[in-house]
Amino acid sequence: MKKYFLTLFLPLSLFANEKFIDLYSSPTCGCCESWVTYMQEKGYEVKVTKSNDFYKIKDEYKIKPQYQSCHTGILGGYVIEGHVPENAITWLLENKPENVIGISAPGMPLGSPGMKQGDNEEEYPVLLLYKDGSHRLYGYFKGDKLTQKGF
C-alpha cells in the first residue's frame with residue numbers, strides 16, 4: 001500500500017516543486033547538459049527531454065526566434081530560454097512580474113552558465129519575455145554575475 005501512494009504522489013510533488021525544471025533540448029547538445037549540471041549544483045531538479053523536434057516547445061510558448069537558444073525549460077509556469085543564470089531565475093520566481101511568460105539569454109553567449117570555455121566571457125543580455133511578444137532588458141551578465149541592471 002505504501003508503495004502505491006509513493007508512486008501516485010511522487011510525480012505530483014515533483015511538479016509542485018518550484019525548483020523543478022522540465023527541460024527540452026537537442027539530443028546532441030553538450031552545453032545544455034552543462035547548464036543542467038550548473039542548475040543541479042544550485043539545488044534544482046531537472047528532467048531532460050531530448051528530441052529532434054525540441055523547437056515545438058518554443059512554438060507552443062510563442063518564443064520569437066530572436067529570443068531563442070539551444071534549450072527551453074519550463075519552471076513554475078515560466079519559460080527559461082537558454083543559458084540563463086540562476087540568480088535571474090530566482091528573481092523571476094520571487095517577483096512574478098505581470099504579463100511575463102519567462103526569461104531568456106538569447107543565443108549561446110560565451111561564458112554564460114553551461115557555455116564556459118576557459119577564461120573567455122562575453123557580456124550578454126538577459127531578457128524578460130512578455131505575453132504580447134515584446135521584451136524588456138532584465139540586465140547584462142558576465143558569466144553568472146549581473147554587471148548592469150536593466151531597470
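A residue is called buried when its relative accessible area is under 20%, exposed when that area is over 50%, and partly exposed in between. The structure described here is a predicted model, and the residues below are placed by this scale where a value is available.

Six salt bridges are found in a search of the whole structure. One of them joins the side chains of Lys50 and Glu33, with a distance of 2.5 Å from N to O. Because Lys50 belongs to strand E2 (residues 45–50) and Glu33 to helix H2 (residues 30–41), this pair ties together parts that are 17 residues apart in sequence. Lys50 has a relative accessibility of 34% and therefore counts as partly exposed. Glu33, at 44%, is likewise assigned to the partly exposed class. A further salt bridge links Lys116 with Glu121, whose closest N and O atoms are 2.9 Å apart. The relative accessibility of Glu121 is 35%, so this residue counts as partly exposed. Asp144 and Lys145 also form a salt bridge, in which the closest N and O atoms lie 3.3 Å apart. Lys145 counts as exposed, because its relative accessibility is 54%.

Two buried residues were examined in their surroundings: His83 and Asp22. His83 is located in the loop between strand E4 (78–82) and helix H4. Its relative accessible area is 0%, and His83 is therefore buried. The side chain of His83 reaches the backbone oxygen of Pro113 at a distance of 2.6 Å. When residues up to four places away in sequence are not counted, His83 touches Cys31, Cys32, Trp35, Ser69, Cys70, His71, Ala105, Ser112, Pro113, Gly114, Met115 and Tyr124. Pro113 thus appears both as the partner of the His83 side chain through its backbone oxygen and among the residues that His83 touches. Asp22 is placed in strand E1 (residues 20–25). With a relative accessible area of 11%, Asp22 is buried. The C-alpha atoms of Asp22 and Thr49 are separated by 7.6 Å, although these residues are 27 residues apart along the chain.

The backbone was considered next. Most residues other than glycine have a negative phi. Lys96, which is not a glycine, nevertheless has a positive phi of about 40°. Lys96 is found in the loop between helix H4 (86–95) and strand E5 (100–105). Its relative accessibility of 45% means that Lys96 counts as partly exposed. Asn99 is another residue other than glycine with a positive phi, here near 65°. Asn99 also lies in the loop between H4 and E5. The relative accessible area of Asn99 is 41%, and the residue is partly exposed.

Empty space within the model was also examined. Rolling a probe the size of a water molecule over the atoms shows where empty space is left. A search of the whole structure finds 1 cavity of 30 Å³ or more. The volume of the largest cavity is about 40 Å³. Its lining is made up of Lys62, Ile63, Lys64, Tyr67, Ile101, Leu129, Tyr130, Gly133 and Ser134. By class, the lining residues divide into 5 nonpolar, 2 polar and 2 charged.

Terms used
Residues numbered from 1 in each chain as written. Predicted model: local features only at pLDDT ≥ 70, side-chain atom pairs only at ≥ 80, totals over all residues. Heavy atoms only, no water. Helix = DSSP H or I, 4+ residues; strand = E, 2+ residues; numbered from the N terminus. Buried < 20%, exposed > 50% of the residue type's maximum accessible area, 1.4 Å probe, protein only. 1 Å grid on protein atoms, 1.4 Å probe; cavity = no way out; pocket = protein on both sides within 12 Å on 5 of 7 lines; lining within 4 Å. Points joined across faces, edges and corners; volume = space filled by probe spheres on them. Nonpolar A, V, L, I, M, F, W, Y, C, P; charged D, E, K, R; others polar. Salt bridge = Lys/Arg side-chain N within 4 Å of Asp/Glu carboxyl O. Polar contact = N/O pair within 3.5 Å; in protein donor to acceptor, adjacent residues only side chain to side chain. Contact = heavy atoms within 4.5 Å.
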